[in-house]
Amino acid sequence: MPGKPANDKPTYDEANRLMELSAILFYAFTVLTVGSAAYMVFSKNIVHAAFALIFSLSGVAALYVLLYADFVAATQILVYVGGILILILFGIMLTTLDFTENLKTVTVNMLPASLLSGAVAVLLLYVFFAAEWTTIVPADRDGTMYDLGMMLMNEYLLPFQIAGVLLLVAIIGALLMSTRHKNEP
Amino acid sequence: MESTFLQWLAEPGLTHYLMVSAILFSLGLLAVISRKNVIMVLMGVELILNSANLNFIAFSRFTELALDGQMIALFVIIIAAAEAAVALAIVLNIYNRFKTINLNEISLMKG
Amino acid sequence: MLIQLSLIILLAPMLGFLVLIFAGKKLPRNGDWFATGLITLSFALSLYLLITKLTLHHGEAITGTMTWVVLGNAAEAGSLTVPFGIMIDNLAAVMLVVVTLISMLVHFFSVGYMHGDVRYSRYYAYLGLFSFSMLGIVLTDNLLMMYIFWELVGISSYLLIGHWYEKKSASNAANKAFIVNRIGDAGMFIGIMILFASFSTFAFGAIFDTVAAGNLPFNSTAWLTAAGVLIFCGAVGKSAQFPLHVWLPDAMEGPTPISALIHAATMVAAGVYLVARVFPILTADALLIIAYIGAITALIAATIAITQFDIKKVLAYSTISQLGYMIMGLGVGAYTAGFMHLVTHASFKAGLFLGAGSVIYAMHNALHKKNDHHTDAQDIRNMGGLKSRMPVTYWTFLIFTLAISGIPLTSGFLSKDEILAGTLAFGTLSGHWLLPIIGFAVAGLTAFYMFRLLILTFHGKHAGTTSLDDVVESPKVMTIPLMVLGALSLFVFYSFNPFGASSGWFFAAIERPASVVPALMQPATSAVFHDAVSSMHTLAMVLSILIAAAGVLFALAVYQWNKVSADRMASSLGFMYRGSLNKWYFDEMYGSVFVNGTIGITKILRWFDENIVDGAVNGAATVTSRISVVSRWFDNTVVDGLVNLSARLTEMTGTLLGKIQTGKVQTYFIYIVFSFIVLFFLFI
């Protein structure tokens with residue numbers, strides 16, 4: 001149950017109203033996220049699917065904000081919407097540019113795929129719903145940027161460095177792989 | 001019972017977020033399994049990664065994990081970026097070699 | 001200083017060998033001047049060494065030792081080492097001069113004799129190797145090194161006998177010499193090992209000291225006797241003593257200078273030298289055996305020499321006979337006399353051989369001029385009357401013949417007289433009268449057969465196909481060595497008294513070493529023996545002169561004046577004559593006993609092999625092939641069946657499982673998710 005810090009304790013109504021607002025926002029963004037994702041999955045047009053993914057990921061970012069993860073939300077929008085999806089769009093254009101008539105994708109294995117996905121969904125929902133989570137009452141907080149920065153430079157320094165190296169390797173590897181065909185006869 | 005369920009609905013907590021994440025995961029899985037196009041498969045993978053991230057952040061909000069969950073989510077995003085770059089380079093190579101990116105047509109390893 | 005000098009003497013011929021064997025053909029004149037120069041250097045140094053030794057270091061032995069091989073520590077004996085040591089006592093110094101002198105003269109003589117030989121440089125190389133090995137025997141101070149040089153001498157002798165290996169008889173003779181020597185050397189090695197096993201040392205001095213201190217091999221005088229006799233076996237082989245004498249006459253197949261150097265003067269004397277070296281540890285029993293072996297050898301060889309017609313064969317048997325004399329002399333205790341006979345014999349026997357070489361060379365050239373390649377250039381029946389054509393050779397040959405026959409004023413008389421006196425003394429001391437009887441008989445026989453040889457070769461009318469005019473005297477390089485040796489065969493070089501050597505420098509220099517064996521087993525001591533010799537000396541001298549003169553006169557009567565017919569004498573002696581002519585059938589006996597015996601044993605073994613061993617093998621083979629048929633059936637049906645079955649199973653499984661491999665990534669992903677769900681339900 002979300003609440004306010006102790007020094008300016010809100011009245012019940014105030015708190016209730018805030019809660020309702022956050023609940024409304026949660027459901028709105030949930031609908032956006034899940035709806036866009038479903039559209040993406042079932043869309044015949046791959047470009048449409050890509051744009052649906054943008055919306056879905058943006059919705060996830062909004063959910064992050066609702067979870068008081070402002071820095072992660074910003075990163076999500078920067079990296080996914082600004083980076084990865086542009087990359088995917090480029091990929092679509094580079095690979096399917098010549099075959100405009102094939103722009104409509106066709107699905108395979110539809111029956112086992114839907115059965116399995118449904119089973120997984122039921123399974124996960126059941127597990128998440130049935131499990132007794134030891135939750136705490138979440139505290140309101142201002143920004144996470146400072147704390148994340150401190151952690152990144154202290155206990156997460158080594159993973160941070162490794163992540164940097166990983167990115168470098170990935171960039172070089174991607175460059176190498178995508179340019180090799182020029183050397184081929 | 002009725003009012004309890006409504007009240008549960010009105011107070012979005014850990015379970016709500018987890019359920020959203022579960023639905024996203026299933027949709028991503030469906031995309032990965034059923035779509036022919038490699039790029040669609042990749043987008044499904046992104047969806048799955050996001051559902052996992054949503055889990056992390058939800059746990060970081062509602063349990064004692066605190067900021068560690070966000071930190072892990074950050075690293076997941078980093079790795080996702082790297083994965084996307086490499087995967088798209090591979091897709092381009094596949095396209096150059098097979099002149100298609102439909103997975104059902106690429107079956108050299110058929111036994 | 002003297003040690004370094006002796007090392008130079010030792011190594012100079014070796015240097016000659018190494019240079020000539022590798023570069024001989026590239027040197028001017030094929031390098032004969034190089035080898036000859038080196039041996040002359042050795043001789044000069046040896047002479048200097050002998051004089052220095054006799055004047056400045058008379059009584060002491062000069063020794064120098066370095067450790068050659070360390071065998072490690074033995075449990076009881078302490079550290080075992082193989083030393084390389086040099087010991088120069090008077091014996092060695094005298095022997096050095098003898099060896100280098102004869103070797104040098106032979107080198108010079110060979111320049112003429114071997115002229116134009118196909119393997120001229122190799123011949124000189126082998127001469128160098130031989131000189132090196134012989135000097136090694138002389139200089140060494142321990143038994144192991146002596147054995148090593150002993151074998152080296154054997155191999156160089158083998159190489160030189162077989163120098164003309166294109167001739168079948170030469171290569172056979174080389175093989176025979178080598179193999180027969182092996183028999184003796186095996187005994188010698190066992191003897192050395194008996195001493196080493198009990199004393200843990202090879203050095204002469206150390207062994208003598210240990211025995212003198214009362215230690216015996218395995219605490220038994222019998223073992224000491226055995227060791228002495230076994231070491232003497234080596235001497236039997238090398239010095240061609242009965243029963244291993246058969247190789248020496250055959251060794252005459254080698255070049256004649258080689259016969260002079262190796263098979264008359266030096267190598268065969270090595271056996272005598274060996275006995276002289278180990279004399280202190282020889283027990284009375286061992287010495288008695290040695291004396292009898294020597295006497296038997298002397299007698300047998302002398303009787304054979306009477307009837308031979310090959311000039312070199314006669315000389316070969318006379319060599320064996322004289323070696324028997326030396327061995328007998330050592331055996332009876334006349335140590336100095338025996339060794340002195342070695343020295344004097346070396347010079348006059350080398351001279352005889354070189355003279356024979358000169359004759360053969362002349363005959364060969366004469367036959368060559370007549371284009372006669374069938375007549376034997378060595379057969380004395382084809383000679384005669386050469387005196388007028390080869391004066392130098394004749395007169396020197398006469399001196400050598402007088403010396404070997406024991407006529408006064410020669411060196412041979414001095415030494416032989418002393419040996420005979422020694423045998424007489426031994427007879428009085430021990431009662432073995434057979435030894436002096438044989439000794440005097442052999443002296444008479446020697447005078448007879450040597451004058452027979454001289455007369456048939458040089459006197460009378462020329463027989464055979466060559467004309468006397470074609471026979472010419474040999475070149476200077478061959479006659480000068482003869483003259484040198486002729487001079488050395490006179491008495492003055494050994495004693496100023498022509499009728500007694502015991503006052504000369506030789507007897508002063510070479511003294512009989514004291515025996516170190518326990519008193520019970522000792523031979524008569526020097527002093528006792530010396531007294532006996534003194535009392536017998538005049539008798540021995542008179543007897544030996546008379547017997548030698550009788551022999552000479554008989555030879556003259558038979559062959560010069562033809563008073564007695566040789567043929568009639570031969571037929572009247574019948575079987576004796578045939579036995580002597582055929583060398584008492586030793587070769588035939590060895591052939592039938594050892595060679596045929598070996599062949600017979602081989603035949604038995606072959607029968608055994610063919611019937612028993614092969615039968616067993618074949619039986620095993622049959623059984624194996626039967627088993628293999630069964631095993632093959634088993635293999636084909638059961639084992640192969642199992643293998644094929646498993647292969648077919650694998651193939652079927654593979655085909656089935658291959659269906660799953662669609663090659664499509666998404667299918668695999670479906671499997672993964674499905675399996676995941678199944679596992680989830682399994683574990684939750």
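**Group meeting: helix α8 of chain C, salt bridges, and the B–C interface**

Let me begin with helix α8 (residues 221-238) of chain C, whose 18 residues should span 26 Å at 1.5 Å a residue, and the end C-alpha atoms are indeed 26 Å apart, which agrees; the expected span here is 1.5 Å times one less than the number of residues, and helices (H or I, at least four residues) and strands (E, at least two) are DSSP runs numbered from the N terminus. Please keep in mind that this is a predicted model, in which local features need pLDDT of at least 70 and side-chain atom pairs count only at pLDDT 80 or more, while totals for chains, interfaces and linings use all residues. Residues are numbered from 1 along each chain as its sequence is written, chains are lettered from A and ligands numbered from 1 in the order in which they are written, and side-chain values use heavy atoms, with hydrogens and water left out.

At the start of α8(C), a side-chain oxygen of S220(C) comes to within 3.0 Å of the backbone nitrogen of A222(C), and just after the helix A240(C) has a positive phi of about 55 degrees. Among the buried residues of α8(C) are L224(C), I231(C), F232(C) and K238(C), where buried means under 20% relative accessible area, exposed over 50%, and partly exposed in between (1.4 Å probe, protein chains only).

Now to the salt bridges, each a side-chain nitrogen of Lys or Arg within 4 Å of a carboxyl oxygen of Asp or Glu, of which the structure holds eight over all chains. R277(C) forms one with D89(C), with the closest N and O atoms 3.1 Å apart. R277(C) lies in helix α11 (residues 267-277) and D89(C) in the loop between β2 (78-88) and α3 (90-113), so this pair ties together parts of chain C that are 188 residues apart in sequence, and both residues are buried.

Which residues are joined into one network by salt bridges that share partners? They are E151(C), R182(C), D185(C) and K238(C). Within that group, R182(C) meets E151(C) at 2.2 Å, N to O; R182(C) is partly exposed at 27% relative accessibility, whereas E151(C), at 19%, counts as buried.

Finally, the interface between chain B and chain C: 13 residues of chain B are in contact (heavy atoms within 4.5 Å) with eleven residues of chain C. The two chains bury about 900 Å² between them, 65% of it on carbon and sulfur atoms, buried area being the accessible area (1.4 Å probe) that two parts lose on being put together, summed over both. Between these chains the count of salt bridges is zero.

Technical notes
A polar contact is a pair of N or O atoms within 3.5 Å; within protein, one must be able to donate a hydrogen and the other to accept it, and residues adjacent in sequence count only if both atoms are side-chain atoms.
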